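Biologist: Please take one loop of this model and look at it closely. Then work outward from there to the rest of the chain.

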Amino acid sequence: MPGALTSCREAPPSVPASFEAALARLLDGYVDGNFGGRAWGVTVKRSPDLKRTWLYGEELGGTDIVSFNLYRLIGSGPMLKPCEMSSAKVIEFVLGFEPSIERAASQQ
């Protein structure tokens, strides 16, 4: 069902390659940026073995959030696990989030 909420315990649909590529461009740690014309703060953490990526984002000065885990499991491919929101919302956010230029330049 499009737009349906997904708990952290449910197995959501497959992960598009464009989503994985956009997530890979986000560096570990905190970064400010923009999504949908609004300011956001995003934290990304990756496990040492790179099998799990966690992202938590919140709208600065607002109430919206985005939170998920992405697991890379041998044999089953990447598994996206949004927390209390739809997979579509998570994918749209990662594809559309633009980190601030100042922060991105300082990490290179």
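Modeller: I start with E84, which sits in the loop between β5 (77–82) and α2. The model is a predicted one, and what follows should be read in that light. The backbone at E84 has a phi near 60 degrees, a positive value in a residue other than glycine. As for the surroundings of the side chain, E84 has a relative accessible area of 53%. The cut-off for exposed is over 50%, so E84 counts as exposed.

A second residue can be described in similar terms. L50 is not a glycine, yet its phi is positive, at about 60 degrees. This leucine also belongs to a loop, the one between β2 (38–46) and β3 (52–59). Its relative accessibility is 53%, and L50 therefore counts as exposed.

Back to the loop of E84, which has α2 on one side. Helix α2 covers residues 87–96, and its axis comes within 8 Å of the axis of helix α1, residues 17–24. The two axes cross at roughly 50 degrees. An angle of this kind falls outside the ranges for roughly parallel, roughly antiparallel and roughly perpendicular, so α1 and α2 are oblique to each other. The handedness of the crossing is left-handed. On the α1 side, the contact is made by S18, F19, A22 and L23. On the α2 side, V90, I91, V94 and L95 take part. Sorted by type, the residues of this contact comprise seven nonpolar and one polar, with no charged residue among them. Serine is not listed with the nonpolar or the charged residues, so the polar one is S18 of α1.

To place these parts in the whole: the chain has three helices and six strands. Their order along the sequence is α-β-β-β-β-β-α-β-α. In that pattern, five strands stand between α1 and α2, and one strand separates α2 from the helix that ends the series. Both loops described above lie within that stretch or at its end: the loop of L50 joins β2 to β3, and the loop of E84 leads from β5 to α2.

Some totals complete the picture. The chain has 108 residues, of which 35% count as buried. Taking contacts between residues at least 6 apart in sequence, 46% join residues at least 24 apart. The area exposed by the chain is about 6400 Å², and 57% of that is supplied by carbon and sulfur atoms.

Methods
Residues numbered from 1 in each chain as written. Predicted model: local features only at pLDDT ≥ 70, side-chain atom pairs only at ≥ 80, totals over all residues. Heavy atoms only, no water. Helix = DSSP H or I, 4+ residues; strand = E, 2+ residues; numbered from the N terminus. Buried < 20%, exposed > 50% of the residue type's maximum accessible area, 1.4 Å probe, protein only. Contact = heavy atoms within 4.5 Å. Areas by Shrake-Rupley, 256 points an atom, 1.4 Å probe, with all protein chains shown as cover. Axes fitted to C-alpha atoms, helices over the stretch in contact; angles between N-to-C directions. Parallel < 35°, antiparallel > 145°, perpendicular 65-115°, else oblique. Left-handed = near helix turned anticlockwise from the far one by under 90°.
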